[in-house]
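Work through these short exercises with the structure open beside you. Try each task before you read its solution.

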Amino acid sequence: MPAELRETLRLNILLALAYIASGWLALLVALPPGYVSPLYPPAGIALAAVLIYGWRVSAGLYAGAFLVQALAHWHAGLSINLPILALGCIGPLLQALAGAWLMRQMKIWPGGLDSSRSVVLCVGLAAPAGW
């Protein structure tokens, strides 16, 4: 296996594990009776991963989102419908990709949050798209 492919696979596995672990923790603070969480760290993890590594971590993000959604359905006592879960996990992937794209288009990334303009653009526009 080529080194680049091995590195991409490793990144995807690590991202999926981080997404699942933080998603499970977010489910623990979910508001009853469903599984809506007031805080959702996996969205920030996904946005950061896409910003740093690009679209090549999309598979790990999708797999992590799929497993978190399956856990959420199981935890809430809902039936697990695989096609619906598979379609629903496209949302978190598109969120992270859109947020990263916006941050690059507005020149926030990779420049950083070093001016009031970049902070306002990030918090007001790019972050809501990616979170």
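Helices (H or I, at least four residues) and strands (E, at least two) are DSSP runs, numbered from the N terminus. This is a predicted model: local features need pLDDT of at least 70, side-chain atom pairs count only at pLDDT 80 or more, and totals for chains, interfaces and linings use all residues. Residues are numbered from 1 along each chain as its sequence is written, and side-chain values use heavy atoms, with hydrogens and water left out.

**Exercise 1. The whole chain**

Task: Describe the fold pattern of the chain, then its compactness.

Solution.
- Step 1. Count the elements. The chain has 6 helices and 0 strands.
- Step 2. Read them in order. The pattern along the sequence is α-α-α-α-α-α.
- Step 3. Check the compactness. The radius of gyration is 16 Å, close to the 14 Å that the globule rule gives for 131 residues, so the chain is as compact as a globular protein of that length. The radius is taken over C-alpha atoms, and the rule is 2.2 Å times the number of residues to the power 0.38.
- Step 4. Box the chain. Along the principal axes, its C-alpha atoms fill roughly 45 × 45 × 20 Å.

**Exercise 2. Inside and outside**

Task: What share of the 131 residues is buried, and what supplies the exposed area?

Solution.
- Step 1. Set the cut-offs. Buried means under 20% relative accessible area, exposed over 50%, and partly exposed in between (1.4 Å probe, protein chains only).
- Step 2. Apply them. Buried residues make up 36% of the chain.
- Step 3. Turn to the surface. About 7,700 Å² is exposed, and carbon and sulfur atoms supply 74% of that area. The areas come from the Shrake-Rupley method with a 1.4 Å probe; for residues, only the protein chains shown count as cover.

**Exercise 3. Two serines**

Task: Is S22 buried or exposed? Is S118 buried or exposed? Find what each one touches.

Solution.
- Step 1. Place S22. This serine lies in helix α1 (residues 3-28). S22 is buried, at 10% relative accessible area.
- Step 2. Find its polar partner. The S22 side chain reaches the backbone oxygen of A18 at 2.8 Å. A polar contact is a pair of N or O atoms within 3.5 Å; within protein, one must be able to donate a hydrogen and the other to accept it, and residues adjacent in sequence count only if both atoms are side-chain atoms.
- Step 3. Look further along the sequence. Beyond neighbours within four places, S22 is in contact (heavy atoms within 4.5 Å) with P41, P42 and I45.
- Step 4. Repeat for S118. This serine sits in helix α6 (residues 116-130). S118 is buried too, at 4%.
- Step 5. List the partners of S118. Its side chain reaches the backbone nitrogen of D114 at 3.4 Å. Leaving aside neighbours within four places, S118 contacts I108, G112 and L113.

**Exercise 4. Sequence against space**

Task: How far apart are G44 and A96 in sequence and in space? Do the same for Y53 and V36.

Solution.
- Step 1. Place G44. This glycine lies in helix α2 (residues 41-53). G44 is partly exposed, at 27%.
- Step 2. Take the pair. G44 and A96 are 52 residues apart in sequence and 8.2 Å apart in space, C-alpha to C-alpha.
- Step 3. Place Y53. This tyrosine is also in helix α2. Y53 is partly exposed, at 37%.
- Step 4. Take the second pair. Y53 and V36 are 17 residues apart in sequence, and their C-alpha atoms are 28 Å apart in space.
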